[in-house]
Amino acid sequence: MTSYSFLRAAFSVIFAVTYVFANDTLSFPQGFLLGTATSAYQIEGGWNINGKGESVWDRWTHDNPNLILDHSNGDVACDSYHKYKEDVQLLKDMEVDFYRFSVSWTRILPTGYPNVINQDGINYYKNLINELLANNIEPFITLYHWDHPEYLDKMGGWTNSLMVEWISNYARVVFKELGPKVKYFTTINEPADVCQGVATDKVAPGKNLGSPGKYLCMHNILKAHAKIYHIYQTEFRKQQKGQVGIVISCPGAFPKTPNDTAAVDAIFQFVCGWVAHPIFSKTGDYPEIIKAHIADNSKLDGYPASLLPTFSPKWVQYIKGSADFFGLNHYTSKLVETVPRVEGERWYDYSGVKQTIDPSWPKSAADWLRVVPDGLRQVINLISKQYDRPPIFVMENGFADECCTSDSSRISYLRSYMKAMLSAIYEDGCNVKSYTAWSLLDNFEWADGYKVRFGLVNVDFTNPNRTRTPKLSMNWYKTVIKTRRIDSIFESPDVVNIP
Ligand code: GBH
């Protein structure tokens with residue numbers, strides 16, 4: 001072998017190895033699904049037209065404009081009720097595999113009950129689904145994204161255990177009417193955040209009941225989720241052959257002092273495990289640490305019993321295993337530290353863990369959202385380890401800014417988080433099936449109104465047409481979807497630290 005041909009051979013080996021290596025870590029696995037998401041109240045508008053009933057978010061924003069950053073509401077939002085075809089064209093342009101959207105309970109059942117089925121609402125979602133399918137996009141339905149009927153809330157909402165029946169009856173209507181063309185459902189989006197609306201007076205329905213209300217809310221949500229799952233299982237699965245999961249928000253956690261792994265474990269259980277353990281663990285029920293902490297501390301605070309409600313063995317069994325996949329929402333991480341209990345003071349909801357932010361983490365326009373890509377890899381690993389490698393569908397991940405279509409910070413965020421997710425797949429062997437960028441559109445960001453923006457597409461909320469303009473990030477995501485790869489040649493500048 002001449003030295004020249006040896007060199008050439010050596011180079012081609014190096015090239016191949018580099019190529020394979022890059023290919024392995026920056027490409028999505030075969031069959032991996034890429035999509036984007038929205039929710040009904042945040043985009044639809046048409047809040048009271050053609051028979052739609054009032055939801056808790058309608059009432060909340062109308063009664064409390066002062067609690068919304070820009071005093072706005074979702075009355076018109078992105079007007080997707082009228083402009084859904086335009087939305088689908090944007091999705092088609094990106095060639096997403098699926099579109100995750102939520103169904104508005106009160107658009108379909110104006111009274112909350114199935115005594116009246118609003119045909120206009122059914123038609124709206126049927127049209128949207130047909131439009132998606134005609135453009136090769138899989139519809140992915142969230143049954144409930146925070147906007148339950150105001151009327152049912154007046155009767156207690158998530159603090160009333162009858163809510164389990166009420167939402168099940170609604171779910172049955174959705175499965176029956178929309179299920180024949182839909183393969184993917186999630187039941188309830190971010191239960192812990194829904195229950196914040198029971199615990200506090202900052203977001204709908206603002207019941208301000210503190211931790212006891214929050215624990216009760218979660219108890220009923222877990223039962224409701226399981227009941228919906230079993231309804232699908234017994235009444236629809238055979239004909240419809242779809243999958244049903246739940247969407248849980250699991251932030252990352254890093255110890256403030258290096259050895260405090262107890263704080264990391266505890267906060268994972270208190271935030272993510274609170275919802276996930278009853279459904280995905282082998283034993284079912286709430287995590288032991290939650291049961292123990294809340295029981296001990298309820299006693300110390302003079303309550304006759306633990307503030308955490310208990311499931312009967314029958315309910316434990318019924319809830320356990322009630323999901324075909326783990327829907328994960330992940331945006332950011334916290335620094336955590338174990339702190340001692342101080343008598344008479346609220347002790348971090350009895351978790352015993354104080355959460356703060358590392359000031360060096362790059363900022364976004366949302367004060368709670370710092371850029372910490374490793375957090376995604378961490379929670380995917382924790383979920384995989386704790387619950388025996390369930391299929392994980394990343395159902396939301398996204399970045400907040402306040403403006404512009406030149407959103408290089410968003411590209412940088414999305415790429416770095418996708419890269420962390422691919423490391424969890426290739427290096428750690430986790431079973432991740434999909435990735436969802438939140439959100440297709442700038443939309444009504446709850447208490448942050450229209451000020452904080454998550455869209456791949458800009459929406460002009462001052463224009464009655466709600467004009468949509470693709471941002472750089474939409475074009476970037478389109479390339480990612482086409483190439484099935486987060487190539488470094490599409491690497492954007494580093495995250496711009498928003499002051
Ligand atoms: C998702 O929730 C929602 O599903 C979606 O509707 C929303 O538009 C999107 O995120 C963007 O916000 O971190 O302890 O300071 C994320 C909801 C928002 C819940 C921030 C926790 C702050 C609590 N999260 N919130 S903390």
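**Model confidence and the ligand site**

In this predicted model, pLDDT stays under 50 over residues 492-499, a segment for which 22 contacts beyond four places in sequence are nevertheless present in the model. Where pLDDT is low, the predicted coordinates should not be read in detail. For the protein chain, the average pLDDT is 94, and 93% of the residues score at least 70.

The space taken by the ligand is the largest pocket. Around the ligand there are 14 residues, of which Gln 42, Glu 190, Asp 193, Lys 334 and Glu 445 come nearest. When this shell is divided by class, five residues are nonpolar, four are polar and five are charged.

Polar side-chain atoms approach oxygen atoms of the ligand from several residues, among them Gln 42, with a separation of 2.8 Å, and Asn 189, for which the corresponding distance is 2.9 Å. In the case of Trp 438, an N or O atom of the side chain is 3.1 Å from an oxygen atom of the ligand. Of the 560 Å² of accessible area that the ligand has on its own, 72% is covered by the protein.

Technical notes:
Residues are numbered from 1 along each chain as its sequence is written. This is a predicted model: local features need pLDDT of at least 70, side-chain atom pairs count only at pLDDT 80 or more; totals for chains, interfaces and linings use all residues. Side-chain values use heavy atoms; hydrogens and water are left out. A residue is near a molecule or strand if one of its heavy atoms lies within 4 Å of it. A polar contact is a pair of N or O atoms within 3.5 Å; within protein, one must be able to donate a hydrogen and the other to accept it, and residues adjacent in sequence count only if both atoms are side-chain atoms. Accessible areas come from the Shrake-Rupley method with a 1.4 Å probe; for residues, only the protein chains shown count as cover. On a 1 Å grid over the protein atoms alone, a cavity is a set of points where a 1.4 Å probe fits but cannot get out, and a pocket is an open set with protein on both sides within 12 Å along at least five of seven lines; lining residues have an atom within 4 Å of a point. A molecule sits in a cavity or pocket if more than half of its atoms lie within 2 Å of its grid points. Ala, Val, Leu, Ile, Met, Phe, Trp, Tyr, Cys and Pro count as nonpolar, Asp, Glu, Lys and Arg as charged, and the others, Gly among them, as polar. pLDDT is the predictor's confidence in each residue, from 0 to 100. Contact means heavy atoms within 4.5 Å.
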